[in-house]
Amino acid sequence: MQRHRRTASILSFIAMGLGQLYNRQFVKGILLLCVEIMGGYYFVSKLPHAIWGLVTLGDVPTHLVKVGKRYKNVVGDHSVNLLIGGLVILILFSLFIIIYVMNVRDAYRTGKQRDEGIKPSSFRTSMSYVADKRFPQLLLTLPAISVLFLTIMPIMMAILLAFTNYSAPEHIPPAKLVDWVGFQTFIDLLSLKTWSHTFYGVLIWTVIWAVIATVTTYFGGLLVALLIDQKGIRFKGLWRSLFIIPYAIPQLISLLVMRNLFNGQFGPINQYLSYFGLGKVPWLTDPTWAKVTVILVNMWVGIPVSMVLILGVLTAIPKDMYEAAEVDGATPFQKLRVITLPFVFFATTPILITQFAGNINNFNVIFLLTNGEPVNGNYQYAGSTDLLVTWLYKLTLNNNKYNFASAIGIIIFVLVASLSIWGYRSSRSFKEEDMIQ
C-alpha cells in the first residue's frame, strides 16, 4: 500500500531527482538531478578546503624567500579570507542540504498521492501552482538569500573574530596568521588590568549616558507636547513647526555647528559668558563638562522626536474621558495624572525602550561632537566621553584590534537585547495589551 512513497523517498535520498523520475515527473527529476551533479561536484572540490581553512586559519603566512641574490615574495594563507570563504561555503552547503531535504519530502508526497490513486502533477501544473499560490514566497526568496549573505554572514563573521587573536601588530594577515584563542579575548577584556579598567569605565558611562539621555529627551518632549496641547495656547502649528526644526536639520550639520558653538577658546557661548563677566567653561576639554555638554546637545536633537511622538498619542485620547472627569470635579493635575500620563506611558513604552537601546549605540552625538575626547590617560584607546560603540569604532579602524572590537560588539548586543526584552516584558504595554482598543 505504501510502496510508491517509500520507494520514491529512498531513491531521492540516494540521489536528488531519482524519486521524481520514479514518480514520472521527468522534467522536475532531471532538473533536480542537474542540481545534484553540479552541487556535488562543487562541494566535493570546495568543502574540504573550506573546513580546513575554518579549523586551521592557515598554516603558512606570506613570506620572503631568498632566490640567488634577491628575495621573492611567496604568497601564503590569508586567515581572514579563509574564514570568510569557509563561511560562504558552509552557508551554500546548508542551502544545498535544505534543497536536498525538500527533494525527499516532495518525492514522498508525490509517492503518497500515487498510493492513494491520485495522478502526479505535471511540471506545468506545478509551475502554475507556484505562480498562483506560492508567488509571495517565491518573490521573498531573493531578499531572504540577500539577508543571509549581507546580514547574517557578517554577524557570524564578527562573532567568530571575537574568538581569534586578530589584532595588530602580531596577527595581521597576510604577513602573520590568525589563530583561534577561544574565550581568551573576553577574559583579557574583563580581567587584564590594561583592558578591564577601560572596559568597565566606558561601560558604566555608557549605561549612565543611555539612562540620562533617554529620560531627559523623553520627559523634555512630554513637557513641550503637554504645553503645546493646552487649550489656551494659540498658533499651535507654529509652535510645532518651531520645535521640529532641530529634528528636520541633518544631525551631521547640527552637531558640527554645536561643536563650534561649544569651543572653549573661540566658541560664541564662552565669548558671551565673558561679556557678562563670567569665566570660560571648558565645555569639551574637561571630562565632566564634556559629558554635560553631550547630554545638553542630545536634548536639543532628541526632544523634538519625543514631542512629535507624544503629540500623536495625545490626539488619540478620547475627549469624553476629560469631559467626564470635569463633571466629577477633577483638577487639571488629576486629569493629567489619571488620564493623560497613563495613556502616554502605555502607548510610548515600546518606543521608549527603543530609544534607550538607540542611545546605548548613539554613535553620532558622541563621535561628531567630542570624538570621544577629552583624552583619558588611564584608558586604552578610549577617551572620557567614549561609549562602547565609539570605542569599538576606534579599536577597529584606528588601532586594528579586531578581536577586542568583536568581543565588545557581542557584549553590546547582549546588553541591549537583555535590557530591551526585560524592560518590554515588565511594561504595561506587554502585560495589558488590550488596554487601548
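Ser406 is found in helix 17, and this residue of the predicted model offers a convenient place to begin. With a relative accessibility of 10%, Ser406 counts as buried, because the cut-off for that class is under 20% relative accessible area. The side chain of Ser406 reaches back to the backbone oxygen of Tyr402, at 2.9 Å, while Ala158, Leu161 and Ala162 are the residues that Ser406 touches once those up to four places away in sequence are set aside.

Helix 17, which spans residues 402-426, is also among the elements that give two or more residues to the largest nonpolar core. That core holds 41 residues, and within it Leu189, Trp209 and Trp391 touch the most other members. Besides helix 17, the elements contributing two or more residues are helix 7 (184-191), helix 8 (193-228), helix 10 (251-261), helix 12 (287-316), helix 14 (332-360), helix 15 (363-369) and helix 16 (388-398); the largest share, seven residues, comes from helix 8.

Trp391 shows what such a position looks like in detail: leaving aside neighbours within four places in sequence, Trp391 is in contact with Leu189, Trp195, Thr198, Phe199, Val202, Gln380, Tyr381, Ala382, Asp386 and Ile408. A second core, separate from this one, has 18 residues, including Ile228, Leu311, Tyr322 and Ala325.

An annotation can be set beside this picture. In an unreviewed entry, UniProt lists residues 203-423 under "domain: ABC transmembrane type-1". In the model, the span 203-423 is 75% helix and 0% strand, and its end C-alpha atoms lie 19 Å apart.

Key:
Residues numbered from 1 in each chain as written. Predicted model: local features only at pLDDT ≥ 70, side-chain atom pairs only at ≥ 80, totals over all residues. Heavy atoms only, no water. Core = buried A, V, L, I, M, F, W, Y, C linked by side-chain atoms within 4.5 Å. Buried < 20%, exposed > 50% of the residue type's maximum accessible area, 1.4 Å probe, protein only. Helix = DSSP H or I, 4+ residues; strand = E, 2+ residues; numbered from the N terminus. Contact = heavy atoms within 4.5 Å. UniProt positions renumbered as here; feature names shortened; annotations may be inferred. Polar contact = N/O pair within 3.5 Å; in protein donor to acceptor, adjacent residues only side chain to side chain.
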